[in-house]
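User: Please take a close look at the largest nonpolar core of this chain. Which residues touch the most other members, and which helices supply it?

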Amino acid sequence: MIIVIVGIALSGCTRGVAEFQAYVQASDAQFRQGTEVLDRMAVAERIVAGRLLARRSPLSFDPSNARYYTDVGDPPLTMSFRASLQSIKAYNDAVAALANGEAAAALSNRLVSISTNLEAAGTAMASANSQGALGATATAFLGQGSAAVAIALPVFRQIATLAGRETFRRQLVVGFPAMRDLLLALRNATPAMYDVMSRSYREPGSTMSGSGLSQQNLIDLGRDRRALAGWVILVDQTVLAMDAAAASAASGSGTADVAALAEASVEIRILAEQIKANQNRVSP
């Protein structure tokens, strides 16, 4: 989605603006699905980390663990996921606004938002990395995500100091690969999210079943798994669609570009509706 919008914006073509808007709106379904997953992840991370802290140092207070002691805001790992997701949404919103002819001054504010979210993601990743004990897949995300942020942040910091729509367009293209990598890092981190969710349901010392989960917990975990699966499907469809449409945009065939954009919008919306219906099932 990201590079498609930039590619057509770079061509100076105003054809397909409605399709751009429809595509961005459809892709927002991926953001909403991710947000629901991360709301659940925040609860699970706080439970798992809280148990670890209670075992290690039940009578102490460590300021670096403040986000685990309270329900205010997100705990560190979830915060890094959410800030990454918000960075990608801010980027998408900026390139859509560029394609739709938004003024340079307004675009500059959007680009500051991208930088702010990337900075928050980088800070949260550093904090989560120092905590440890949340799984090897989580550690892998922190490495992959941090690398993407390290590349993207200087690009968007520079954009915020520049002026002119053409300059914004060039720099947004430069930043695209890192933002795509950040989206894929989130996809690759879903096993870590599921692991934390699963561990949050296990009662310490439980002998209820081989898994340590009650029947209700198994049902709840099944719902979490479906939510994660739905998010992965939407991310995958977005990546496939944007790559295909980007190839069409590069070929200069405007009609094909618009057709690919419209088709991707419909597919993502249909998938989002099906995923929402599937999530409400009660079987584990």
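Analyst:
**The nonpolar core in its all-helical setting**

The chain holds ten helices and zero strands, where helices (H or I, at least four residues) and strands (E, at least two) are DSSP runs, numbered from the N terminus. This is a predicted model, in which local features need pLDDT of at least 70 and side-chain atom pairs count only at pLDDT 80 or more, while totals for chains, interfaces and linings use all residues. Residues are numbered from 1 along each chain as its sequence is written, and side-chain values use heavy atoms, with hydrogens and water left out.

The largest nonpolar core (a set of buried Ala, Val, Leu, Ile, Met, Phe, Trp, Tyr and Cys residues joined through side-chain atoms within 4.5 Å) has 54 residues, and those touching the most other members are Phe81, Leu118, Phe156 and Met193. At least two residues of this core come from each of H2 (17–56), H4 (76–99), H5 (104–131), H6 (136–159), H7 (165–188), H8 (190–201) and H9 (215–251). H4 gives the largest share, eleven residues.

Beyond its neighbours within four places in sequence, Met193 is in contact (heavy atoms within 4.5 Å) with Val37, Leu38, Met41, Phe81, Leu186, Leu228 and Trp231. A second, separate core has seven residues, among them Ala29, Leu234, Ala272 and Ile275.

For the chain as a whole, 48% of the 284 residues are buried, that is, under 20% relative accessible area, with exposed meaning over 50% and partly exposed in between (1.4 Å probe, protein chains only). Of the contacts in the chain with a separation of 6 or more, 80% are between residues 24 or more positions apart.
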